[in-house]
Amino acid sequence: MAIQTFGSIYIGSYEVSLKIFELSAKKQIREIDYIRTRLDLGRDVYQRGIIGYELVDQLCDTISEFVEIMKGYKVNSSEVYASAVFRDAENSVFVINQIFLRTCFRVKVLSNSEYRFIGYKSVAGREDFENMIQTSAAVVDIGGSGIQVTVFRGGQLETTQHMEIGTVRLRELLADRGHTQFSYEKQLEEFVSKKLEVLRSMYVHEKVDSVIVLNDYCYEIVRAMNHKKREDASFAAEKLVRYIDKLQKKNLEEICKELNLSNDKDPLIIPSMIMCKVLIDQLEAENVWVPGVNINDGIAYDYAQRHQLVKCYHDFDRDVICAAQKLSQRFNSYSPHISALEFLSTKIFDTMKKMHGMGDRERLLLQVAVILHDCGKYITLDNSARCAYEIIMSSEIIGLSHREREIVAQTVLFNSFELDECPEYSAKLNERDYLVVAKLSAILRLSNALDQSHKQKFNQIRSSVKGRTLLISVDATEDISLESALFDAKAAYFEKVFSIKPEIKAKRKG
């Protein structure tokens with residue numbers, strides 16, 4: 001493979017950035033340039049609700065300048081992503097259209113789960129990361145609009161939680177009130193501590209060995225602490241806390257000067273360092289790793305992974321499954337029935353690959369739907385499917401986009417309801433996604449009928465397609481009259497969706 005260059009542009013709450021990467025023949029990514037332009041979109045949006053025309057002009061001009069820089073590097077491909085500030089702006093559709101008309105770039109606005117997942121990919125793709133999560137580690141992504149805390153134990157994802165206490169939001173909430181810097185820092189520390197206490201009490205019941213911090217300002221703090229040398233390894237958390245305590249004795253100008261920041265009165269450095277300090281304290285971490293990567297690196301890694309241009313050390317699909325399992329356990333629905341159903345549904349999916357036209361991603365969505373299809377029973381038995389829908393749509397499942405979460409939630413919903421009873425589906429899903437929901441829910445219904453008693457009565461299951469028939473052969477250990485009756489009832493919907501008739505052939509053993 002020839003060496004490629006890739007440009008990632010990210011429109012954040014307080015700056016627009018461009019990173020240019022070299023994707024080598026050895027399937028490695030190397031940063032070759034990083035350009036940042038301060039553009040305080042967050043202040044406009046969080047104060048006025050819109051992005052003003054002056055900032056729209058500056059934004060388009062900045063992206064146009066980035067285009068010229070990329071031409072100089074002979075960039076092969078590039079992508080432009082935008083943060084939560086665009087989701088919160090009332091005029092985001094018009095701003096995106098202006099960017100396209102003036103720069104020919106199509107901006108993708110990331111949902112929170114997409115943003116955090118792509119940012120997390122920038123560090124999870126590293127070999128060091130795999131070693132750290134084998135004990136316990138928390139990946140903390142500190143952004144302008146919020147923070148995401150993702151905890152791993154024993155190599156598996158335990159929880160991921162988002163809180164709207166980003167640096168820009170904190171500044172708008174607590175700054176510019178005539179307080180002294182000392183008072184401002186105390187208020188920040190108290191506010192953030194309280195928020196994180198709730199996180200700790202509800203989702204993170206044990207301390208973590210390491211905290212992995214994703215934040216440009218925290219990276220600058222670590223570089224200054226280590227005399228401008230790049231820090232690629234973890235170090236004692238206590239060392240960073242002591243250095244932040246030392247910085248807090250200085251005024252804002254002195255802090256910015258010591259960290260060599262381009263803006264000698266950068267208002268985001270104080271909430272960034274307070275956030276980092278409080279997180280270390282609340283999570284009781286012994287070690288800290290600040291790898292110096294951000295969303296731009298994640299965009300590049302995501303692109304390289306999609307095009308098989310990078311060596312991947314981490315199983316990201318496994319994160320999705322773990323997140324779904326933890327959510328299922330939280331609502332007391334993960335059980336042997338779920339495990340059996342996961343096996344049955346994926347077996348049917350794999351047998352019909354040539355007939356349903358879906359791929360590995362849809363198979364993953366089916367697994368997630370199976371794992372979560374009973375979680376609504378924790379709320380009520382009478383209307384559990386609709387409750388399950390609301391739980392899924394209200395929960396963070398790292399690795400799934402908002403659209404994918406909608407597909408999963410509707411698959412669960414229409415495991416119990418007729419799909420035609422929801423004429424408003426078109427407002428939430430396009431035609432392609434609607435077909436995916438129909439196919440996945442048909443497979444889920446049929447699989448569910450095979451274990452309706454929740455007793456796992458089969459010890460061997462074989463499936464095959466013969467003509468226009470899906471034949472499922474089972475070796476039964478008990479009477480399966482109930483399963484056979486419900487199987488026939490679900491077969492009509494399956495046949496309607498796939499134009500193929502499912503049949504069950506049982507052999508009684510024992």
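Colleague: Which exposed residues sit on the face of H10 turned away from its buried side?
Modeller: Glu238 and Arg242 are the exposed residues there. Bear in mind that this is a predicted model.

Colleague: And which residues of H10 are buried?
Modeller: H10 runs over residues 237-247, and its buried residues are Ala237, Leu240, Val241, Tyr243, Ile244 and Leu247. They cover an arc of only 165° around the axis, so they lie on the same side of H10.

Colleague: Why would residues a few places apart point the same way?
Modeller: An α-helix has 3.6 residues a turn, so residues three or four places apart point the same way.

Colleague: What do the buried residues of H10 pack against?
Modeller: Three helices and two strands, namely helix H9 (216-225), helix H11 (252-259), helix H12 (269-283), strand S10 (235-236) and strand S11 (287-289).

Colleague: Switching to H7. Which residues are buried there?
Modeller: In H7, residues 167-174, the buried ones are Thr167, Val168, Leu170, Arg171 and Leu174. Their arc around the axis is only 160°, which puts them on the same side of H7.

Colleague: What covers them?
Modeller: The cover includes strand S3 (29-38), strand S6 (136-142), helix H1 (41-48), helix H8 (181-202) and H12. H12 is also among the elements that the buried residues of H10 pack against.

Colleague: Now glutamine 367. Where does it lie?
Modeller: In helix H17, which covers residues 360-372.

Colleague: Buried or exposed?
Modeller: Buried. Its relative accessibility is 15%, and the cut-off for buried is under 20%.

Colleague: What is glutamine 367 in contact with, leaving aside neighbours within four places in sequence?
Modeller: Ile321, Glu342 and Thr346.

Colleague: Zooming out, how many helices and strands are in the protein chain?
Modeller: The chain has 21 helices and 14 strands. Its radius of gyration is 25 Å, close to the 24 Å that the globule rule gives for 510 residues, so it is as compact as a globular protein of that length.

Colleague: What does the C-alpha trace span?
Modeller: About 80 × 50 × 45 Å along the principal axes.

Colleague: What share of the residues is buried?
Modeller: Of the 510 residues, 56% are buried. The chain exposes about 22,600 Å², and carbon and sulfur atoms supply 47% of that.

Colleague: And contacts along the sequence? What share joins residues at least 24 apart?
Modeller: 70%, counted among contacts between residues at least 6 apart in sequence.

Colleague: Last one, charges. How many positive and negative?
Modeller: There are 68 positive and 72 negative charges, and their mean positions are 4 Å apart.

Definitions and conventions
Residues are numbered from 1 along each chain as its sequence is written. This is a predicted model: local features need pLDDT of at least 70, side-chain atom pairs count only at pLDDT 80 or more; totals for chains, interfaces and linings use all residues. Side-chain values use heavy atoms; hydrogens and water are left out. Helices (H or I, at least four residues) and strands (E, at least two) are DSSP runs, numbered from the N terminus. The radius of gyration is taken over C-alpha atoms; the globule rule is 2.2 Å times the number of residues to the power 0.38. Buried means under 20% relative accessible area, exposed over 50%, partly exposed in between (1.4 Å probe, protein chains only). Contact means heavy atoms within 4.5 Å. Accessible areas come from the Shrake-Rupley method with a 1.4 Å probe; for residues, only the protein chains shown count as cover. Lys and Arg count as positive and Asp and Glu as negative; His and the chain ends are not counted. The place of a charge is taken as NZ of Lys, CZ of Arg, CG of Asp or CD of Glu. The arc is that of the directions from the helix axis to the C-beta atoms.
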